[in-house]
Amino acid sequence: MQTVIVHLQTGPIIVIETHQLTKVFRDRKRGEVRAVDGINFRCEPGRIYGLLGANGAGKTTTLRLLATLLKPSSGTVWVAGCDAVREPEKIRTRIGFLSTGTALYGRLTARETVEYFGRLHGVAEDLLQERIREVFSTLAMGEFEDRRCDKLSSGMKQKVSIARTLVHDPPVMIFDEPTVGLDVMTARTIVQFIRDCRQQGKTVIVSTHVMSEAEKLCDRIGIIDRGRLLVDGTLAELRTQYGVTDLEDIFVRVVEGQP
Amino acid sequence: MNGRAIRIVYGKELRDSLRDRRTIISMIVVPVLVMPLLMFGGGSLMFKTMTKARQEIPRVMIIGGENSPKALSALHAAKNLQIVPAAEDFTNQIVEKRVRAVVKLPPDFDAAIAGGEKAGVEIYEYAGEIKSGFAAENLDAFFRNLRDATVQERLERRGVPVDVLKPFTIQRQNVAPPAKVTGSLLGGILPYIIIMMCLTGAMYPALDVTAGEKERGTMETILCCPVGRTDLVLGKFLMVFTASVGTVVLSLLSMGATFHVAKRAMAHSLPQEALQTVATIDIGGVAGMFLMLLPVAVMFSALLLMVGLFSKSFREAQSYCGPLILVAVVPTVAAMLPGVELNASLATVPLLNVSLVCKEMISGAWHWNYILLIFGSACLYAAAALAATVWMFHREEVLFRS
């Protein structure tokens with residue numbers, strides 16, 4: 001069942017769309033490196049898009065382009081109705097970005113961390129306190145909200161990280177290899193959190209190199225290799241196209257160029 | 001530019017760094033405790049060592065002096081000399097510090113003096129060694145007195161008044177005000193210490209908010225926020241600047257307090273006039289120095305932020321800081337060298353110019369045209385460094401260097 005959610009902050013068009021998205025780096029040793037090479041894809045609200053690829057395939061660069069951390073060399077990115085080159089700050093108000101590792105300020109408390117990111121996102125002070133109460137109670141963070149982040153367990157840290165990305169209630173969520181290096185229980189929390197985001201009608205994009213995770217989680221999968229998006233479709237579509245059921249087999253066929 | 005965003009970033013960075021033990025050590029503990037300990041502890045230790053060396057009666061050796069019982073017994077009677085038996089290898093003994101100095105008397109020295117002949121006395125010492133120097137001084141003084149006494153005796157014998165040797169007297173008078181005297185003594189070293197504190201105070205926080213953030217992965221998350229990169233870097237810069245200026249202020253206060261305490265402690269042992277001369281600091285000069293240091297603090301903060309931004313990790317950033325300190329030390333030390341004085345061309349050399357003008361201000365000399373020129377040029381360097389930092393913070397190949 002699909003719930004339709006009309007988001008107050010951005011209106012109904014909450015999609016990510018790229019057209020011939022390209023990012024070229026200049027490397028002293030390797031010369032020109034096309035980290036992302038003419039990628040086209042589209043993510044829709046209430047869906048999880050999985051960007052599947054080996055290490056160095058261009059996943060992180062693609063997500064950084066979506067998050068406006070990097071500027072595209074050519075091509076276009078639209079996130080939540082805004083152009084990434086012309087309106088990067090508008091896009092940043094509408095995305096939540098969770099990357100590998102918890103990336104927290106160890107000397108700030110859980111509450112201070114979330115307050116800081118809320119304020120940077122321009123959330124008004126009274127609304128901010130309300131949002132924090134809401135997020136902290138959803139994630140059951142009450143007991144450690146005033147403890148410094150470097151004193152927290154990895155599960156608690158992960159919750160703070162999640163709270164930080166949620167505090168401004170973004171309609172678009174970007175996850176860069178969110179479960180790398182996490183223990184099973186913490187990884188499950190994250191996976192559940194990603195599902196909740198879909199449930200709430202957010203547009204979600206996840207990069208991963210873990211096949212089982214992509215298989216369980218994603219509604220649509222794009223396989224990326226050496227900066228190029230080789231194939232894109234739902235799991236069922238990919239299975240039909242390649243005649244195998246296991247995603248790993250599909251991945252190998254795609255990357256090795258077999259039909 | 002968005003003032004609210006800058007304030008938010010500044011407030012967070014300040015709170016974060018004030019909770020960091022490493023910042024607290026470099027910003028508060030070092031200036032408040034270590035600096036006065038180093039300056040005055042080191043100073044009084046040196047003073048004590050010198051006093052002790054002077055009080056010690058040096059071991060000296062007499063070579064020669066055959067048939068001169070009068071001179072020898074006078075030397076033996078001297079209270080500030082301890083005579084040891086003569087030995088062939090006397091130079092070796094000086095080198096090995098078994099004796100501090102040696103005097104070589106010609107044969108028949110007594111007779112030569114009595115007979116009005118010319119006689120040469122040689123004193124051997126180890127130049128540059130304090131205790132040897134003191135021993136040689138004592139010997140020197142002994143023979144000068146002997147010579148004066150001999151001259152006086154000869155003149156009296158011939159009925160000539162002794163005053164004939166001193167047709168006039170010479171006396172040196174000091175016109176420098178007390179502050180100037182202390183200023184000249186302190187003027188060289190104080191700007192050096194304060195400029196170094198200005199640099200070290202900024203160093204740790206600057207690297208922590210740049211290379212440290214990259215290392216922890218928080219740089220990426222902070223750049224995802226809808227805050228202009230200029231606002232982000234200015235917020236960070238203001239925190240580093242605060243740490244730098246804070247370190248300077250605390251250093252000055254702690255030195256002032258130590259100075260005050262030292263002055264009160266000396267009040268019992270030194271005559272009032274001497275106290276006036278050695279222990280008066282021109283407050284205006286110190287305030288002038290502080291103002292001059294503000295653009296320097298801006299420049300240091302910006303340069304260190306650039307080093308941190310360029311580095312991939314905290315460790316890498318630290319390894320760049322060694323050479324940076326050296327680059328800062330050279331012009332600052334150059335200002336302490338005797339004879340290096342303020343002129344128009346030196347007034348535009350970064351750090352050297354500020355060090356030189358601070359030296360002048362502390363000793364009470366206000367060359368307004370130079371002060372304005374130097375303040376202007378220091379502001380220009382500071383603005384250039386800050387602009388470069390902001391520019392660098394907009395470069396994605398710097399922020400995501402891998």
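In which sense do strand 1 and strand 4 of chain A pair, and over how many bridges? In this predicted model, strand 1 (residues 16–27) and strand 4 (residues 74–79) of chain A are antiparallel partners, joined over 5 bridges. Within this pairing, Thr22(A) has Ser74(A) of strand 4 of chain A as its bridge partner. Helix 1 of chain A, spanning residues 59–66, packs on the sheet and touches strand 1, strand 2 and strand 4 of chain A. The direction of helix 1 makes about 65° with that of strand 2 of chain A.

The pairing of strands 1 and 4 belongs to an open sheet of 4 strands in chain A, with the order 2-1-4-5 and antiparallel pairing. The edges of this sheet are strand 2 (31–43) and strand 5 (82–83) of chain A; each has a single partner strand, so one side of each is left without a neighbour in the sheet.

A further set of pairings involves strand 9 of chain A. Strand 9 covers residues 220–225, and 5 of its 6 residues are buried, so this strand is largely enclosed by the rest of the structure. In general, strands of a sheet pair through backbone hydrogen bonds, in either a parallel or an antiparallel sense. Strand 9 of chain A runs parallel to strand 3 (residues 48–52) of chain A, to which 4 bridges join it. In this pairing, Leu51(A) has Gly222(A) of strand 9 as its bridge partner. With strand 10 (residues 228–233) of chain A, strand 9 of chain A is antiparallel, and 5 bridges join the two. Here Ile221(A) stands opposite Gly233(A) of strand 10. Strands 9 and 10 of chain A form a hairpin with 2 residues between the strands, in which Arg226(A) takes a positive phi near 45°.

At the level of domains, the assignment for chain A gives domain 1, made up of 12–94 + 171–259, and domain 2, covering 102–169. The C-alpha centres of domain 1 and domain 2 of chain A lie 26 Å apart. Across the boundary, 8 residues of domain 1 of chain A are in contact with 7 residues of domain 2 of chain A. On the side of domain 1 of chain A that touches domain 2, helix 6 (residues 184–199) of chain A gives the most, with 5 residues. By class, this side of domain 1 of chain A has 4 nonpolar, 3 polar and 1 charged residues.

Terms used:
Residues numbered from 1 in each chain as written. Chains lettered and ligands numbered in written order. Predicted model: local features only at pLDDT ≥ 70, side-chain atom pairs only at ≥ 80, totals over all residues. Pairing = 2+ DSSP bridges. Contact = placed C-beta atoms within 7 Å. Axes fitted to C-alpha atoms, helices over the stretch in contact; angles between N-to-C directions. Buried ≥ 20, exposed ≤ 12 C-beta atoms within 10 Å, placed from the backbone. Domains from an automatic or database assignment. Nonpolar A, V, L, I, M, F, W, Y, C, P; charged D, E, K, R; others polar.
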